[in-house]
Structures are given as C-alpha cells and as structure tokens.
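Trainee: Hi! Could you walk me through this one? I'd like to go piece by piece.

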Amino acid sequence: MDGKRTVCVTGASGYIGSWLVMRLLERRYHVRATIKDPGNEKVKHLLELANASTHLTLWKADLDEESSYDDAFQGCEGVFHVAAPMELLFQDQATKEDTESATILNGLLNVMRSCSKTKTLKRFIYTSTTGTIIMQPQPPLHEYTENLWSDVDFCYDSKMHGWKYLAAKTVAEKAAWKYAEENGIDMVTVHPSLVFGHFITPYRGYSIDIAISLYTKDKAAMASLKCLNGTSIVHLDDVCNAHIYLFEHPLAKGRYICSTHTLNIFEIAHSLSLKYPDRDITTEFETLDKSLKIVPCSSEKLLGIGFEFSHKNKGENWVVCFFTSLLKRTNISR
C-alpha cells in the first residue's frame, strides 16, 4: 500500500465503523470519517488511533440531509457505507410506508447520490446484513447463500426479533442495487451475520450488551440473546478485513456473506458457568429448544476469491473466548 489512496467511512464512530477506520489506517489509507458531530467527545477514540494524526480527517455529514456527503466523497477512490440507525431494532410497530421511507433507505440513497457526483470513485462498499437473506417462510435445507432475499411480507407478518430493521435493510439494499445499476456505480455488499468482537468505542454496542446479559441479567438484552440462539455470527475483525479485501480485489462483484459460526447459548453458558461459578451465569433458558436445527450462512463465495478468516479456527472456540474476556473486563452490578 503506497499510503496515497483516499477512502471515506460513514458511521465511522460506531462499533463496526471505528474498527474499520483503525484497520484502514494501519494499511496507510487516508481515511475521511463522516460523523454527525465531529466535535463530540465520543469521537475522541478515532483521533487517538495509530496514524490518525497524518491519515485521518473528520467530516460532518448526516444521513437525513441531501448532499451532506458531497464534500467528503470528492477525491475518494472508495466509500465504505457502514452507517445505519440501529434504533429500528427496538421498534415493534410500523407500516410498509414507514419502513420504505425510513432513514436506512433514504440515507443510503443520499449517500449513493453523493457517490455519483465524484469522478474518482472506484468502488462503493455497503455494509448490509445476513438479515436481508435469511428471513424466509421456509429456510433452505442446507445453507443460506447470497442468491436469497429476505421476504419482507414474511417479516411484517411474523414480527420476529428486529423485524422492522430487517425489512428496512432489505428494501434499502434492493433500491441500492437498482440505483447502482442505473448510475454505473461499482457496488459490492458485505453481509455480516451477528457481529461479536472487542470494541474501541467509548460505549458498548448492541451485541456487547447481548453478550454480557448472561451475567448482568438485563431483561431486554436477555430476550434478544434468547431470540438469537442458533444465529450465525462472525468476529468484528473478520468483518472489517473482509470490507477492505472486497474493496481491493479487482474481481469482487455482487453480494458476499461474511459469517463463520453459529451462536449456541447453551454451550457458551455452560462453559462460562464452569469457569466462573461465582458469577451466577444463566444456564437455563425457558422456551428454547436445545435440539434446534441450525441452518448456517455460507461464506463460500467470499472464501472463493481468496479471503481468509482470522478467527475461524483458533483452538478453543473464539466465541466462548470472547464471552469469557468480556466477563473478565466488565464489572457491572445487577
């Protein structure tokens, strides 16, 4: 890497965005980080990253504002669109009209319109989710692949955990592919499953709160954890490395699932309870079926172009190691 390439990361102060900025800076990219309020204390961690003093600049931008990203994108070879309003995960009531006019859709199209205005852009990397793939009335027999699209009507009818967010992300991604095709944008989408991994933000993210609920006993987070049993998961570092790999790879094209494991709450809880008997780890979960059939998300397409996961096989399951390290680091009274 010659240190002269310039890219932009939206949602740069968030859980995934911050780690992605860190990895890009390590590779000597010049990074433009877009943030709603660059003066907020919550972005201080970005300025303290290695190479930030010479290779990082903060730019004010808002998903709800048309042309808000124009200046930040000018001169960029790549745009990593990570930003998304996570509050939709916690909203239960919505109509189709609400979802189709949500910030996820309008914000994505605002970002892409700004991409269309720059002459230097080579590739647009959009952080989607396996949630735009796996919500099916009848799951496939063996695995989920990038050829599938979540059924939005099924989301509305079933109202599963996070259904509004999943429906909005599906609607938005389909609109993004249409816009990219009509406007000649080289777009690649990354589809992480549930993301776990250590955070560098000054606050905990959604998945961290879920993970520590095994011993904090937070009711809302515990409900989410139970809903996610059997869900495919992936390490944060692998997600960010996949973003960069797909930006750099000349043959990358289309949608790419990024996932390595499945979340088995019973195994994790049992392992933690043996290691830390004094922490009163929850090991029994009402209404959960231990014999649940798990349909994995396949990362075969991503592996097929040469990507290698760093956290797929590392002795003891990294998922258990992650939960263990969180327990060691987090002192939260219940």
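Mentor: Happy to! Let's begin with strand E1, which is covered on both faces: Thr6, Cys8 and Thr10 are buried on one side, and Val7 and Val9 are buried on the other. Keep in mind that this is a predicted model.

Trainee: Okay. How many of the residues of E1 are buried?

Mentor: 5 of the 5, so E1 is largely enclosed by the rest of the structure.

Trainee: Can we zoom in on Val7? Which residues does Val7 contact, leaving aside its neighbours within four places in sequence?

Mentor: The list is Leu24, Tyr29, His30, Val31, Arg32, Cys76, Gly78, Phe80 and Phe247. Val7 has a relative accessible area of 0%, and because buried means under 20%, it counts as buried.

Trainee: What separates the C-alpha atoms of Val7 and Glu77?

Mentor: They are 5.7 Å apart, although the two residues are 70 residues apart along the chain.

Trainee: Cool. In which sense do E1 and E2 pair?

Mentor: They pair in the parallel sense, over 5 bridges, with E2 covering residues 30–35. As an example to find on screen, Val9 has Ala33 of E2 as its bridge partner.

Trainee: And what joins E2 to E3?

Mentor: There are 5 bridges there, and these two strands also run parallel. Look for Arg32, which stands opposite Thr57 in E3.

Trainee: So what's the order of strands in that sheet?

Mentor: It is an open sheet of 7 strands, in the order E3-E2-E1-E4-E5-E6-E9, and the pairing is parallel. E3 (56–60) and E9 (254–258) are at the edges with a single partner strand each, so one side of each has no neighbour in the sheet. From one strand to the next, the twist averages 20°.

Trainee: Which strands does H6 lie across?

Mentor: H6 lies across E4 (78–81), E5 and E6 (187–192), and it runs at about 170° to E5. Helix H8, residues 163–183, packs on the sheet as well, touching E5, E6 and E9, with its direction at about 160° to that of E6.

Trainee: How far does H6 reach from its first C-alpha to its last?

Mentor: The 14 residues of H6 (103–116) reach 19 Å, close to the 20 Å expected at 1.5 Å a residue. 10 of those 14 residues are buried, so H6 is largely enclosed by the rest of the structure. Among the buried ones are Ile104, Leu108, Asn110 and Cys115.

Trainee: New topic! Which strands form the other open sheet, the one with mixed pairing?

Mentor: That one has 3 strands in the order E7-E8-E10. Its edge strands are E7 (194–196) and E10 (261–262), each pairing on one side only. E7 and E8 (residues 232–235) run parallel and are joined by 3 bridges, and Leu194 has Ile233 of E8 as its bridge partner.

Trainee: Which helix lies across E7 and E8?

Mentor: H11 does, running at about 75° to E8. H11 is mostly covered, with 11 of its 13 residues buried, including Asp237, Cys240, His243 and Phe247.

Trainee: What about H9 and H10? At what angle do they pack?

Mentor: H9 (residues 206–216) and H10 (residues 219–227) pack at about 95°, with their axes 8 Å apart. That angle is why H9 is called roughly perpendicular to H10. Tyr206, Asp209, Ile210, Ser213 and Leu214 of H9 make the contact with Ala221, Met222, Ser224 and Leu225 of H10. Those residues divide into 6 nonpolar, 2 polar and 1 charged.

Trainee: Two last ones. Is Cys155 buried or exposed?

Mentor: Cys155 counts as buried, at 0% relative accessibility. This residue lies in helix H7, residues 152–158. Not counting its neighbours within four places in sequence, Cys155 is in contact with Met135, Met160, Trp163 and Ala167.

Trainee: And where is Thr132?

Mentor: Thr132 sits in the loop between E5 (123–127) and H7. At 0% relative accessibility, Thr132 counts as buried. Beyond residues up to four places away in sequence, it touches several others, including Trp149, Lys169, Glu173, His191 and Arg255.

Trainee: Thanks, I'll go and find these on screen!

Definitions and conventions:
Residues are numbered from 1 along each chain as its sequence is written. This is a predicted model: local features need pLDDT of at least 70, side-chain atom pairs count only at pLDDT 80 or more; totals for chains, interfaces and linings use all residues. Side-chain values use heavy atoms; hydrogens and water are left out. Buried means under 20% relative accessible area, exposed over 50%, partly exposed in between (1.4 Å probe, protein chains only). Contact means heavy atoms within 4.5 Å. Axes are lines fitted to C-alpha atoms, for helices over the stretch in contact, and angles run from 0 to 180 degrees between N-to-C directions. Helices (H or I, at least four residues) and strands (E, at least two) are DSSP runs, numbered from the N terminus. Angles under 35 degrees count as roughly parallel, over 145 as roughly antiparallel, 65 to 115 as roughly perpendicular and the rest as oblique. Ala, Val, Leu, Ile, Met, Phe, Trp, Tyr, Cys and Pro count as nonpolar, Asp, Glu, Lys and Arg as charged, and the others, Gly among them, as polar. The expected span of a helix is 1.5 Å times one less than its number of residues. Two strands pair if DSSP finds at least two bridges between them.
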